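I opened this structure to look up how its chain is built and what lies inside it. My entries follow.

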Amino acid sequence: MIGISADNKLKRLIVVGDRVLIKPKDPTDRTASGLYLPPTVQEKEQVQSGYVIKAGPGYPIPVATEDEPWKETEEKVKYMPLQAQEGDLALYLQRNAIDLQYEGEQYVIVPQASILMLERSEDLA
């Protein structure tokens with residue numbers, strides 16, 4: 001088996017379906033007016049932000065059936081791809097996020113429908 005390093009430890013993970021793996025940003029511990037917030041309040045915010053680490057293949061598209069069922073066909077699953085891409089900054093709803101810890105790092109998995117907005121560093125043209 002290949003050794004696991006910091007560079008390839010996440011390559012072993014496969015995100016399934018319409019799910020997105022996000023590394024949450026460090027929340028700011030102050031409000032806009034300068035008040036400090038305790039960690040319990042920061043975690044309960046409805047909208048969180050983080051960077052997309054991996055995205056699933058997308059929504060499965062049903063295979064059209066042919067009129068000639070005796071013909072052999074390739075049962076290859078097709079997917080409608082997700083909008084989220086690796087490296088995007090995502091604003092997502094915390095209530096639909098599943099928190100997990102992997103290799104000592106904190107991540108969340110959210111469905112594509114829970115992502116409110118994406119910020120991509122490259123042009124969208």
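Entry 1, a term. Before listing anything I wrote down what a nonpolar core is: a set of buried Ala, Val, Leu, Ile, Met, Phe, Trp, Tyr and Cys residues joined through side-chain atoms within 4.5 Å. Buried means under 20% relative accessible area. I also noted that this is a predicted model.

Entry 2, the core. Which residues form the largest nonpolar core? I found eleven: Val20, Ile22, Val52, Leu82, Ala84, Ala90, Tyr92, Ala97, Val108, Val110 and Ile115. Strand 1 (19-24), strand 5 (89-93) and strand 7 (105-111) are the elements that give two or more residues to this core. I then found a second, separate core of five residues, among them Leu10, Val15, Leu21 and Tyr102. My course notes say that nonpolar side chains tend to be buried together in soluble globular proteins.

Entry 3, one core residue. I looked up what Ala97 touches, not counting residues up to four places away in sequence. The contacts are Tyr92, Val108, Ile109 and Val110.

Entry 4, the whole chain. I counted one helix and eight strands. Along the sequence the pattern reads β-α-β-β-β-β-β-β-β. Of the 125 residues in the chain, 27% are buried. I took the contacts between residues at least 6 apart in sequence, and 72% of these join residues at least 24 apart. The chain exposes about 9,700 Å², and carbon and sulfur atoms supply 54% of that area.

Entry 5, two polar residues. Is Gln112, in the loop between strand 7 and strand 8, buried or exposed? Gln112 has a relative accessible area of 11%, so it is buried. Leaving aside neighbours within four places in sequence, Gln112 is in contact with Asp18, Val20, Tyr59, Leu82, Gln83 and Ala84. Val20, Leu82 and Ala84 were already in my list for the largest core.

Ser49 lies in strand 2 (residues 47-55). Ser49 counts as buried because its relative accessibility is 18%, and the cut-off is under 20%. With neighbours within four places again left aside, Ser49 is in contact with Pro24, Lys25, Leu89, Ala90, Leu91 and Tyr92. Ala90 and Tyr92 belong to the largest core.

Entry 6, the surface. I looked for nonpolar residues on the outside and found a patch of Val47, Leu116 and Met117. Together they have about 280 Å² of accessible area. Met117 is found in strand 8 (residues 115-119). Its relative accessible area is 48%, so I entered Met117 as partly exposed.

How values were computed
Residues are numbered from 1 along each chain as its sequence is written. This is a predicted model: local features need pLDDT of at least 70, side-chain atom pairs count only at pLDDT 80 or more; totals for chains, interfaces and linings use all residues. Side-chain values use heavy atoms; hydrogens and water are left out. Patches are made of residues with over 30% relative accessible area and no salt bridge: like charges are joined within 9 Å, nonpolar side chains (Val, Leu, Ile, Met, Phe, Trp, Tyr) within 5 Å. Accessible areas come from the Shrake-Rupley method with a 1.4 Å probe; for residues, only the protein chains shown count as cover. A salt bridge is a side-chain nitrogen of Lys or Arg within 4 Å of a carboxyl oxygen of Asp or Glu. Helices (H or I, at least four residues) and strands (E, at least two) are DSSP runs, numbered from the N terminus. Buried means under 20% relative accessible area, exposed over 50%, partly exposed in between (1.4 Å probe, protein chains only). Contact means heavy atoms within 4.5 Å.
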